Amino acid sequence: MTRDMPEPGLLSSHRLFEGSQARYRHVSVALDCAMNFSIYLPPAVARGERVPVVYWLSGLTCTDENFVLKAGAQRVAAELGLALVAPDTSPRGDGVACAPDGAFDLGLGAGFYVNATRAPWSRHYRMYDYVVEELPALIERHFPVNDRRSICGHSMGGHGALVAALRNPRRYRSVSAFSPIAHPTASPWGRKAFRHYLGEDEAAWSPYDAVLLIGAAAPEAHVPMKIDQGDADEFLTEQLRIDRLEAACRATGYPARISLQAGYDHSYFFISTFIDSHLRFHAQALA
């Protein structure tokens with residue numbers, strides 16, 4: 001995946017908390033299209049340090065810019081010496097399949113971080129490979145970072161972060177999520193996406209379900225996990241199924257810190273309130 005990996009093109013750059021917030025565009029081999037990503041580099045980079053990376057995966061309808069503009073994460077990332085990388089949530093552009101009815105939960109902005117196997121999605125929708133393999137290889141080749149990684153996300157991106165870490169425990173030092181779609185094989189959003197991307201055989205869905213992956217995880221493969229969930233989240237009961245994730249962690253002894261936060265909903269107001277604690281959690285694991 002690292003062969004023929006040209007330098008990404010700079011779209012914008014801003015000085016922020018003595019570091020830099022930039023947006024880039026590159027051609028993805030995994031997705032067969034051009035992709036944007038955003039990266040924050042802390043002031044430690046100017047001192048010649050190579051820094052660890054926290055990858056952020058956003059939720060339905062988002063791009064790489066939602067987290068950058070709304071979460072308020074850069075101040076603490078600067079303090080902790082962390083790079084933050086936020087990819088887009090799906091492939092985009094001419095020829096990329098989209099939902100025929102314009103639905104928000106399928107196609108553009110809704111890649112669900114899977115490797116699609118069904119046409120027309122299979123040509124471009126290989127977000128799992130992109131997030132786990134291609135993007136980190138590009139970041140580690142072209143930016144002053146080291147190979148220590150953690151991953152986190154929100155909603156659909158929380159699902160993606162949990163799956164990436166649970167399937168690749170040696171690649172990530174820690175994982176965290178806000179309001180993740182924790183059990184997508186039992187969620188209307190997840191079932192719809194998986195049926196289109198992966199087909200009707202539900203056995204093909206299980207590698208992308210955090211609850212099922214936790215149930216099968218060996219103790220030596222446990223990755224430190226932190227989850228915050230608002231109890232006023234309108235999607236909590238039907239779509240997110242945090243209760244099933246908690247039950248799976250209890251049953252297997254998985255080391256997860258799962259906190260139900262009173263009065264918080266599914267928005268970036270919730271994320272911005274607790275993002276500091278997530279970055280400090282990752283910094284401890286990455287030290």
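Here are some questions and answers about the cavities and one helix of a predicted model.

User: How many cavities of 30 Å³ or more turn up in the whole structure?
Analyst: Rolling a probe the size of a water molecule over the atoms shows where empty space is left. Searching the whole structure with a 30 Å³ cut-off, the count of cavities is two.

User: Which elements each supply at least two residues of the lining of the largest cavity?
Analyst: This cavity holds about 40 Å³ of space. Its lining includes S38, I39 and Y40, along with F67, V68, L84, V85 and A86. Going by elements, those that each give at least two lining residues are β3 (33-41), α1 (65-70) and β5 (83-87).

User: How many charged residues does the lining of the second largest cavity have?
Analyst: About 40 Å³ of space lies in this one, and its lining is made up of L57, Y113, Y128, V131, V132, G160, V163 and A164. Helices α3 (127-142) and α4 (156-167) are the elements giving two or more of the lining residues. Sorted by class, seven are nonpolar and one is polar, so to speak leaving the charged count at no residues.

User: Within what arc do the buried residues of α5 fall, seen down its axis?
Analyst: The buried set in α5 (residues 188-198) is W189, G190, A193, F194, Y197 and L198. They line one face of the helix, because the arc they fall within is 110°.

User: What covers the buried residues of α5?
Analyst: The buried residues in question include W189 and F194. Their cover includes α4 and α7 (236-240).

User: Which residue just after α5 takes a positive phi?
Analyst: The phi there is about 100°. The residue is G199.

Technical notes: Residues numbered from 1 in each chain as written. Predicted model: local features only at pLDDT ≥ 70, side-chain atom pairs only at ≥ 80, totals over all residues. Heavy atoms only, no water. 1 Å grid on protein atoms, 1.4 Å probe; cavity = no way out; pocket = protein on both sides within 12 Å on 5 of 7 lines; lining within 4 Å. Points joined across faces, edges and corners; volume = space filled by probe spheres on them. Helix = DSSP H or I, 4+ residues; strand = E, 2+ residues; numbered from the N terminus. Nonpolar A, V, L, I, M, F, W, Y, C, P; charged D, E, K, R; others polar. Buried < 20%, exposed > 50% of the residue type's maximum accessible area, 1.4 Å probe, protein only. Arc of directions from axis to C-beta. Contact = heavy atoms within 4.5 Å.
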